[in-house]
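Colleague: I have a protein chain to discuss with you. Could we go through its overall build and then turn to one residue?

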Amino acid sequence: MEFRTIIEPFRIHSVEPLRLTTVAERETAIRAAGYNLFALRSVDVLIDLLTDSGTGAMSRDQWAGVQRGDESYAGSPSWFRFLESVQDLFPFRHVIPTHQGRAAEKILFTAIGGPGRVIPNNTHFDTTRANVEFTGAEAVDLVIAEGLDPASEHPFKGNMDVQRLDALLTARARDVPVVFVTVTNNSGGGQPVSLANLRAVREVCDRHGVPLFLDACRFAENAWFIREREPEQAGRDVRDIVRDMAALADGMTMSAKKDGLANIGGWLALDDDALAEACRNLLILTEGFPTYGGLAGRDLEAIAQGLREVVDHDYLHYRIRSTAYLGEALLADGVPVVRPIGGHAVYLDARALLPHVPALQYPGQSPAVALYEAGGIRSCEIGTVMFGLRPDGTEQPAALDLVRLAIPRRTYTQSHIDYVIEVCREVAGRAATLRGMRIVEAPRALRHFTARFEPL
Ligand code: F0G
């Protein structure tokens, strides 16, 4: 137990080939993609750190579950195994299965959003914000000030600013149908929320009579950070911490593509009977019958098993330490990254890396392109490209300009990550020569997925 090397707590059972390409091939591919990494063919990518969503490896027991999947239209045993697994951690009265997280968001915000409504969150992720705004409601981010300072070492930079939440609810509680807390805070660096902060948020919500929901995508990683960093919670079983988080909330939206350890899936869970009925009616319109939602029986099985595996301490120790391994190596090389290192990703601080590029020239986009050209690494801008376009069509700098290196779960080995470190070091070493970008074509919402760019 005293050895330093973090080993992957699994061995490889089935392999997928990676295709090596040359710098010249990648330059051609990214130019054809309009310098948008989402537009690449994944066979042209060597190490794919675009997202940790649905890109992880499933376990032997999850694949066994896929075989056991029962595809009965209604009341399948796979549904009951899924339900039991979800409610073991999140004992909400109603569980509504969806094909992924955003479908749960779409259903919930269709039911409770609308013009004049305001939804506070520590930080909305892109699809969450888009689903709120699509109903005409306003999405407000209320993360603590430290959460917007990439260099702050605060242990829970995902925490909600409880005073600002209280002020908002004092002024407008009747316009706020729900308060959301995202665990971990993806857009803000994969930073956790403490149990103490969740309790304080709950207290404010109770005082104003507003329900609290979790955007729980990375709940297990968040619970591990609580165990590691919140002195009163040290050494507890992660399952119990997750149950404590759930007990503080009235409901949740979930993408099983993250801490469900599955390739697809999600759910909406809640206690309110009337709201659950309204949501189930929408589910039947857009997703499917309430015992499968948007999923096949085999997907429900993979999630049911994934939820058992994700709270395993050996897995979480490896997961969080191996993300930190990448982040700490970059810090040691002087590459500016968001600190402390988050759970599912390492975030390069593009404003610190490219101080010569103004926010409206997207300082996150050109290093993301450079990492691809140099080493075939696909990352994701999380900054002004993703969040800079307001619903009224004007543009303003996002709170942060980051490049996210998201780590798929149980997928890459330490030597893959050592290669990533080398490529990052090389690109960071010539950051002063990287130029900004211009958008030449983009849709009005969620532009980062399809925009085309040109180097300036
Ligand atoms: N909430 C958060 C915090 C997320 O990170 C995501 C997805 C969603 C909701 C939506 O879930 O993809 O299943 O519809 N995040 C992915 C990412 C896409 O790359 O971070 P979904």
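Modeller: To begin with the terms, helices (H or I, at least four residues) and strands (E, at least two) are DSSP runs, numbered from the N terminus. Please note that this is a predicted model.

Colleague: How many helices and strands does the protein chain have?

Modeller: The protein chain has 16 helices and 14 strands.

Colleague: What about its dimensions along the principal axes?

Modeller: The C-alpha trace spans about 60 × 55 × 45 Å along those axes. The radius of gyration is 21 Å, which agrees with the value near 23 Å for a compact globule, because the chain has 456 residues.

Colleague: And how much of the chain is buried?

Modeller: Buried residues account for 57% of the 456 residues. As for the surface, the protein chain exposes about 18,700 Å², and carbon and sulfur atoms supply 52% of that area.

Colleague: What share of the contacts between residues at least 6 apart in sequence join residues at least 24 apart?

Modeller: That share is 72% in the protein chain.

Colleague: Turning to charges, how far apart are the mean positions of the positive and negative ones?

Modeller: They are 3 Å apart, with 48 positive and 59 negative charges in the protein chain.

Colleague: Now the single residue: where is Ser194 found?

Modeller: Ser194 lies in the loop between β5 (179-182) and α7 (195-208).

Colleague: Is Ser194 buried or exposed there?

Modeller: Ser194 counts as buried, because its relative accessibility is 6% and the cut-off for buried is under 20%.

Colleague: Which residues does Ser194 touch?

Modeller: Leaving aside residues up to four places away in sequence, Ser194 touches Phe156, Asn159, Ile226 and Glu230.

How values were computed: Residues are numbered from 1 along each chain as its sequence is written. This is a predicted model: local features need pLDDT of at least 70, side-chain atom pairs count only at pLDDT 80 or more; totals for chains, interfaces and linings use all residues. Side-chain values use heavy atoms; hydrogens and water are left out. The radius of gyration is taken over C-alpha atoms; the globule rule is 2.2 Å times the number of residues to the power 0.38. Buried means under 20% relative accessible area, exposed over 50%, partly exposed in between (1.4 Å probe, protein chains only). Contact means heavy atoms within 4.5 Å. Accessible areas come from the Shrake-Rupley method with a 1.4 Å probe; for residues, only the protein chains shown count as cover. Lys and Arg count as positive and Asp and Glu as negative; His and the chain ends are not counted. The place of a charge is taken as NZ of Lys, CZ of Arg, CG of Asp or CD of Glu.
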